[in-house]
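Please examine the structure shown here together with its sequence. The account that follows moves from strand pairing to the nonpolar core and then to individual side chains.

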Amino acid sequence: GAAVDTVTLLAGQTITGLLDGGADTDSLFLKSGSSDSATLGRVANFERLDVVSGSWSLADDQSYANGASVRSGASLNVNTALGAIVTVEGAARLSGSGSVAGLVTTGVGAVISPGNSIGTLAVTGDAALTEAVFAVEVNADGSSDRLAIDGSAAINGGTVVLDLAPGSYVVGTKATILTAEGGITGSGFSSLDAAPISLFIQ
């Protein structure tokens, strides 16, 4: 209805039909236990999404004019189109092969993990990664997860974590893990962490 609504959904709850925030400015809060996985779908006319706790994924395209946030310790997997600028706090996680309207990390250790296995997470606007953990998978043939940014990217500190699949790696093979059509500014990532595995390098 035409009122300011705040709705909190817990993992395990079921809503039949469409959850409609109506007019005015409405917020949706998601909570679940640390070991629970939950899915959000069929919502409309909410201006703000806040993933407070647990592991959540989106079942369909959604839009939040005032943005979305993923709180510390929580995670959001996006395999659809999320029309919102997403703020990921330190120790929170954003993953998936869908798209978000913008991306900002705050605090130390916000995890950005494109793809589900090998895949691409798109940002249709700008991205700002500060002291983030950028976790990507890479195959021996050079295929890899990628963060594809239509706007500009500001990268300041943080760690690139490479999950290298077993295989025969050829010297000179390149993997593209991040692109930004509007250019990249900032000091860049400060460190690289490659998981120790058995590799055969040709």
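Which residue stands opposite Asp193 in S22? In this predicted model, the residue is Val161. The pairing to which one may refer this position is that of S18 with strand S22 (residues 191-194), which run in the parallel sense and share 4 bridges.

Strand S18, which spans residues 153-164, has further partners. With S16 it pairs in the parallel sense over 11 bridges, and Ala135 has Val161 in S18 as its bridge partner. Val161 is thus named in two places, as the partner of Ala135 and as the residue opposite Asp193. A parallel pairing of 3 bridges also links S18 to strand S21 (residues 184-188); Asn156 is found opposite Gly188 in S21.

Asp163 belongs to strand S18 as well. The C-alpha atoms of Asp163 and Glu137 are 4.6 Å apart, although 26 residues separate the two along the chain. Beyond residues up to four places away in sequence, Asp163 touches Val136, Glu137 and Val138. Is Asp163 buried or exposed? Its relative accessibility is 41%, and Asp163 therefore counts as partly exposed, since the buried class requires a value under 20% and the exposed class one over 50%.

The discussion now turns to the interior. The largest nonpolar core comprises 48 residues, and Leu28, Leu40 and Leu147 have the most contacts inside it. Strand S16 (residues 127-138) supplies the largest share of this core, with 6 residues. For Leu147, the contacts outside its neighbours within four places in sequence include Leu103, Ile112, Leu129, Phe134 and Ile177. Pro114 and Thr179 are also among the residues that Leu147 contacts.

Two serine residues complete the picture. Ser95, located in strand S12 (residues 93-96), has a relative accessible area of 11% and is therefore buried, the limit being 20%. The side chains of Ser95 and Asn77 are joined by a polar contact of 2.8 Å. Apart from neighbours within four places in sequence, Ser95 is in contact with Leu76, Asn77, Val78 and Ser113.

Ser75 lies in strand S10 (residues 75-77). With a relative accessible area of 16%, Ser75 is also buried. A polar contact of 3.2 Å connects the side chain of Ser75 with that of Ser55. When residues up to four places away in sequence are set aside, Ser75 touches Val51, Gly54, Ser55, Trp56, Val70 and Arg93.

Conventions
Residues numbered from 1 in each chain as written. Predicted model: local features only at pLDDT ≥ 70, side-chain atom pairs only at ≥ 80, totals over all residues. Heavy atoms only, no water. Buried < 20%, exposed > 50% of the residue type's maximum accessible area, 1.4 Å probe, protein only. Polar contact = N/O pair within 3.5 Å; in protein donor to acceptor, adjacent residues only side chain to side chain. Contact = heavy atoms within 4.5 Å. Core = buried A, V, L, I, M, F, W, Y, C linked by side-chain atoms within 4.5 Å. Pairing = 2+ DSSP bridges.
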